Amino acid sequence: MSQATTQDVKSKPRTQISASTIENILSFATGLGVFGLLAYGWLTRADPDINPESGVGYWLGILGGSMMLLLLVYPFRKRIKFLANIGSIGFWFRFHMLLGLLGPVAILYHSRYSWGALNSAVALGAMLIVAGSGLVGRFFYSRVHRGYSGRKLEVRALLSEMHEMTKELDGLGDEGARIKEELVLFEKRAVAAGAGFWTSARAVIALGFSTRVAQRHVRREIKALSAARMSLAGNRQLQRHLAAQTGDYFHAVRRAGEFAFYDRMLRLWHLLHLPLFFLLIATAILHIIAVHMY
């Protein structure tokens, strides 16, 4: 192999997988694994070896309950100073989510997917509600934060990205200025979406629909404008570039419009989730007392 060829091989950039992509893959794999465990537990729920009152079935209940109790480590980690040096927030968040999935699975195995007596039914119902609430909170969290790092998607940063994108149209004369004005209108709507809860809620649907319609319209305008101003080769290059830029712009508009709504929903969820969790602990304690006393 010649030196030039060797240099070409060395100069080729290696494909790198982003941290968010790795997290998405791991999240999908974890979800698939949990679904498989749930399916297997349902198919083998009549197995006589799993008895809620003794043996493996009993210890699965203890394990599941302990996992649910350990969920408190994550909120305590953020509020108690001496715990601040034990692991990162990102680690404890991932651990919190994993326990919130595996704990209910162990308890469902323990209960053999049946409600049982009244105290068992109440404890199981509370656990399912808290687990469902955790999944809803995870969805809101994903809409407000970048991955698990806790860096909020600030609206100001998104709007700054929009301004950079619209600068590409400044060199296209009056037609480009007209297209830019159309884009700026959506930026104003994204800012106005943060005025109140219902305004932000409507923006999630309205901006989602209107930006997609406008994106197709703007792309047609760019195609016609670039065809009139550029050579064939330059026309195609300009079209691809501006199409990608406008796509990024409208995506940023939607994220900015959604941010206010999901941020409010996440705060509201925090107010409701913790009381539900303490209700779960209370029902679990009553269940344990009832099982061992009667």
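**Exercise 1. Classify Arg-267 and examine its pairing.**

Arg-267 is exposed, because its relative accessible area is 55% and exposed means over 50%, buried under 20%, partly exposed in between (1.4 Å probe, protein chains only). The model is predicted: local features need pLDDT of at least 70, side-chain atom pairs count only at pLDDT 80 or more, and totals for chains, interfaces and linings use all residues. Residues are numbered from 1 along each chain as its sequence is written, and side-chain values use heavy atoms, with hydrogens and water left out.

Step 1. Find the partner. Arg-267 forms a salt bridge with Asp-263, and the closest N and O atoms are 3.1 Å apart. A salt bridge requires a side-chain nitrogen of Lys or Arg within 4 Å of a carboxyl oxygen of Asp or Glu.

Step 2. Count. The rule gives 1 salt bridge.

Step 3. Place the pair. Asp-263 and Arg-267 are 4 residues apart in helix H10 (residues 232–293), so about one helical turn separates them. Helices are DSSP runs (H or I, at least four residues), numbered from the N terminus. An α-helix has 3.6 residues a turn, so residues three or four places apart point the same way.

Step 4. Check the burial of the acid. Asp-263 counts as buried because its relative accessibility is 8%.

**Exercise 2. Test the length of helix H6, then describe Ser-133.**

Step 1. Compare spans. Helix H6 (residues 118–144) has 27 residues, so at 1.5 Å a residue it should span 39 Å. The expected span is 1.5 Å times one less than the number of residues. The end C-alpha atoms are 39 Å apart, which agrees.

Step 2. Locate the serine. Ser-133 is found in H6. Ser-133 is buried, because its relative accessibility is 11%. The buried residues of H6 also include Val-130, Gly-134 and Gly-137.

Step 3. List its contacts (heavy atoms within 4.5 Å). Beyond neighbours within four places in sequence, Ser-133 touches Trp-269, His-273 and Leu-276.

Step 4. Find the polar one. The side chains of Ser-133 and His-273 share a polar contact of 2.7 Å. That term means a pair of N or O atoms within 3.5 Å; within protein, one must be able to donate a hydrogen and the other to accept it, and residues adjacent in sequence count only if both atoms are side-chain atoms.

**Exercise 3. Describe the surroundings of Glu-221.**

Step 1. Glu-221 lies in helix H9 (residues 197–229).

Step 2. Glu-221 is buried, because its relative accessible area is 15%.

Step 3. Outside four places in sequence, Glu-221 contacts Arg-178, Ile-179 and Glu-182.

Step 4. Glu-221 and Ile-179 are 42 residues apart in sequence, but 7.8 Å apart in space, C-alpha to C-alpha.

How values were computed:
Helices (H or I, at least four residues) and strands (E, at least two) are DSSP runs, numbered from the N terminus.
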